[in-house]
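Trainee: Please walk me through this one, and tell me what stands behind each label you use.

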Amino acid sequence: MPTGRMTPRRAMVLAAGLGLRMRPVTDDRPKPLVEVAGRTMLDRVFDRLEAFGIDRAVVNSHYQADQVETHLAARATPVTE
């Protein structure tokens, strides 16, 4: 049943923090890749985006961005840019 509202299909994920307050956990990984109950925080965000129907996401990363990019390359959905 259409409501007349536009449904977002794209999202931006902010994942560029240094994680200074989470040291020493973030000494070797960026904060979005810290695991909570067996899942990375970034995977939890992407799982929720997928559940809401988001099919494309842009990720802003900085600290150890290569790790974030490698991790996201293994995900099938949503597609990242």
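Trainee: Which residues does alanine 11 touch, not counting residues up to four places away in sequence, and what makes a pair count as a contact?

Mentor: Contact means heavy atoms within 4.5 Å. With residues up to four places away in sequence left out, alanine 11 touches Leu49, Ile54, Arg56, Ala57 and Val58. Before we go on, remember that this is a predicted model, in which local features need pLDDT of at least 70 and side-chain atom pairs count only at pLDDT 80 or more, while totals for chains, interfaces and linings use all residues. Residues are numbered from 1 along each chain as its sequence is written, and side-chain values use heavy atoms, with hydrogens and water left out.

Trainee: What makes two strands a pair, and in which sense do S1 and S4 pair?

Mentor: Strands and helices are DSSP runs numbered from the N terminus (E, at least two residues, for strands; H or I, at least four, for helices). Two strands pair if DSSP finds at least two bridges between them. S1 and S4 (residues 56–61) have 6 bridges in the parallel sense, so they satisfy that rule. Alanine 11 has alanine 57 of S4 as its bridge partner.

Trainee: Which side chains of S1 are buried, and what does that word require?

Mentor: Buried means under 20% relative accessible area, exposed over 50%, and partly exposed in between (1.4 Å probe, protein chains only). In S1 (residues 10–15) the side chains alternate: Ala11, Val13 and Ala15 are buried on one face, whereas Arg10, Met12 and Leu14 point to the other and are not buried.

Trainee: What makes a set of residues a nonpolar core, and how many residues are in the largest one?

Mentor: The members must be buried Ala, Val, Leu, Ile, Met, Phe, Trp, Tyr or Cys, joined through side-chain atoms within 4.5 Å. The largest such core has 12 residues, including Ala11, Val13 and Ala15 as well as Leu33, Ile54, Ala57 and Val59. S1, H1 (41–51), S4 and H2 (65–73) each give two or more residues to this core. In soluble globular proteins, nonpolar side chains tend to be buried together.

Trainee: How do you know on which side of H1 the buried residues sit?

Mentor: The buried residues in H1 are Leu42, Asp43, Phe46 and Leu49. They cover an arc of only 120° around the axis, so they lie on the same side of H1; the arc is that of the directions from the helix axis to the C-beta atoms. Arg48 and Ala51 are exposed on the other side of H1.

Trainee: Why is threonine 40 called buried?

Mentor: Threonine 40 has a relative accessible area of 6%, so it falls under the cut-off and is buried. This residue is in strand S3 and touches Pro32, Leu33, Val34, Glu35 and His71, again without residues up to four places away in sequence. Threonine 40 and histidine 71 are 31 residues apart in sequence, with their C-alpha atoms 9.8 Å apart.

Trainee: What does the side chain of threonine 40 reach, and what makes a polar contact?

Mentor: A polar contact is a pair of N or O atoms within 3.5 Å; within protein, one must be able to donate a hydrogen and the other to accept it, and residues adjacent in sequence count only if both atoms are side-chain atoms. The side chain of threonine 40 reaches the backbone nitrogen of aspartate 43 at 2.9 Å, so the distance is inside the limit.

Trainee: Why is the pair of arginine 39 and aspartate 47 called a salt bridge?

Mentor: The rule asks for a side-chain nitrogen of Lys or Arg within 4 Å of a carboxyl oxygen of Asp or Glu. For arginine 39 and aspartate 47 the closest N and O atoms are 2.4 Å apart, so the pair qualifies. By this rule the count comes to 4 salt bridges. Another is formed by arginine 23 and aspartate 27, at 3.6 Å.

Trainee: What is notable about the peptide bond from arginine 23 to proline 24, and about phi of alanine 37?

Mentor: The bond from arginine 23 to proline 24 is cis, with omega near 10°, and proline 24 lies in the loop between S1 and S2 (35–36). Alanine 37 has a positive phi near 55° without being a glycine. At 74% relative accessibility, alanine 37 is over the cut-off and therefore exposed. Most residues other than glycine have a negative phi, and most peptide bonds are trans.
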